[in-house]
Amino acid sequence: QVQLVESGGGLVQPGGSLRLSCAASGSIFSINAMGWYRQAPGKQRELVAAVTSAGNTNYADSVKGRFTISRDNAKNTVYLQMNSLKPEDTAVYYCNAAASSVTYRESHYWGQGTQVTVSS
């Protein structure tokens, strides 16, 4: 199977920056796409940013111009650089990968989530 390990969350002041990392490991056959979702209390989980293996990216309108997603295919790792953070960015951020293992068809895998809190 595929495991995702996240790091980089924490507490930051408004206007500050954080960089999230997510590394995929396990019996990986291929990874089609990786991305970041977030879920704030009382809200639905929403896509923040995603990147395909070909390098195509998409972002939520609320983070365009502030967040940047990047991917190191050789390391099966995705990053999310978050700049100009706002209190409304406060949420649990989840890494996601659309991946196939050597023994199972393509499925979506999720990290455990990392808390990002933007507060003064």
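Reader: How many salt bridges does the structure hold?

Author: The structure, which is a predicted model, holds four salt bridges. Among them is the one that E46 forms with R38, where the closest N and O atoms are 2.8 Å apart.

Reader: What makes the pair of E46 and R38 a salt bridge?

Author: The term asks for a side-chain nitrogen of Lys or Arg within 4 Å of a carboxyl oxygen of Asp or Glu. Since the closest N and O atoms of E46 and R38 are 2.8 Å apart, and the limit is 4 Å, the pair earns the name of salt bridge.

Reader: How do you know that the side chains of R38 and E46 also make a polar contact?

Author: For a polar contact the N or O atoms must lie within 3.5 Å, with one able to donate a hydrogen and the other to accept it. The side chains of R38 and E46 come to 2.8 Å, so the distance satisfies that limit of 3.5 Å. The side chains of R38 and D89 are likewise joined by a polar contact, here of 3.0 Å.

Reader: Why is R38 called buried or exposed, and what is E46 called?

Author: A residue is buried under 20% relative accessible area, exposed over 50%, and partly exposed in between. R38, which is found in strand 4, has 6% relative accessibility and therefore counts as buried. E46 has a relative accessible area of 34%, so it is called partly exposed.

Reader: Which residues surround R38, leaving aside its neighbours within four places in sequence?

Author: R38 is in contact with a list of residues that includes Q44, R45, V48, S62, V63, F67, E88, A91 and V92. E46 and D89 also belong to that list, and each of these two forms a salt bridge with R38.

Reader: What makes the pair of D89 and R38 a link between distant parts of the chain?

Author: D89 forms a salt bridge with R38, the closest N and O atoms being 3.0 Å apart. The pair links distant parts of the chain, with D89 in the loop between strand 8 and strand 9 and R38 in strand 4, 51 residues apart. D89 has a relative accessible area of 0% and is therefore called buried.

Reader: Which salt bridge joins D89 to R66, and what do the shared partners build?

Author: The side chains of R66 and D89 meet in a salt bridge of 2.8 Å, N to O. This pair too links distant parts of the chain: R66 lies in the loop between strand 6 and strand 7, D89 in the loop between strand 8 and strand 9, and they are 23 residues apart. Both R66 and D89 are buried. Through shared partners, salt bridges join R38, E46, R66 and D89 into one network.

Reader: How do you know that strand 4 pairs with strand 9 and with strand 5?

Author: Two strands pair if at least two bridges are found between them. Strand 4 and strand 9 pair in the antiparallel sense over 10 bridges, and in this pairing A33 stands opposite A98 in strand 9. Six bridges join strand 4 to strand 5, which also run antiparallel, and the bridge partner of Y37 in strand 5 is L47.

Reader: Why is G42 called buried or exposed, and where is its place?

Author: G42 has 87% relative accessibility and so counts as exposed, the cut-off for that word being over 50%. Its place is in the loop between strand 4 and strand 5, and in the hairpin of these two strands, with six residues between them, G42 takes a positive phi near 80°.

Reader: What makes strand 1 and strand 7 edge strands?

Author: An open sheet of four strands has the order 1-3-8-7, with antiparallel pairing. Strand 1 and strand 7 are its edge strands, each pairing on one side only, and the twist averages 15° from one strand to the next. Six bridges join strand 1 to strand 3, with E6 standing opposite C22 in strand 3.

Reader: Which residues of the largest nonpolar core touch the most other members?

Author: Of the 30 residues in this core, L4, M34, W36, L80, M82 and Y93 touch the most other members. Strand 9 gives the most to the core, with five residues. Not counting residues up to four places away in sequence, Y93 touches residues that include W36, L80 and M82, and R38 is one of the others.

Technical notes
Residues numbered from 1 in each chain as written. Predicted model: local features only at pLDDT ≥ 70, side-chain atom pairs only at ≥ 80, totals over all residues. Heavy atoms only, no water. Core = buried A, V, L, I, M, F, W, Y, C linked by side-chain atoms within 4.5 Å. Buried < 20%, exposed > 50% of the residue type's maximum accessible area, 1.4 Å probe, protein only. Contact = heavy atoms within 4.5 Å. Axes fitted to C-alpha atoms, helices over the stretch in contact; angles between N-to-C directions.
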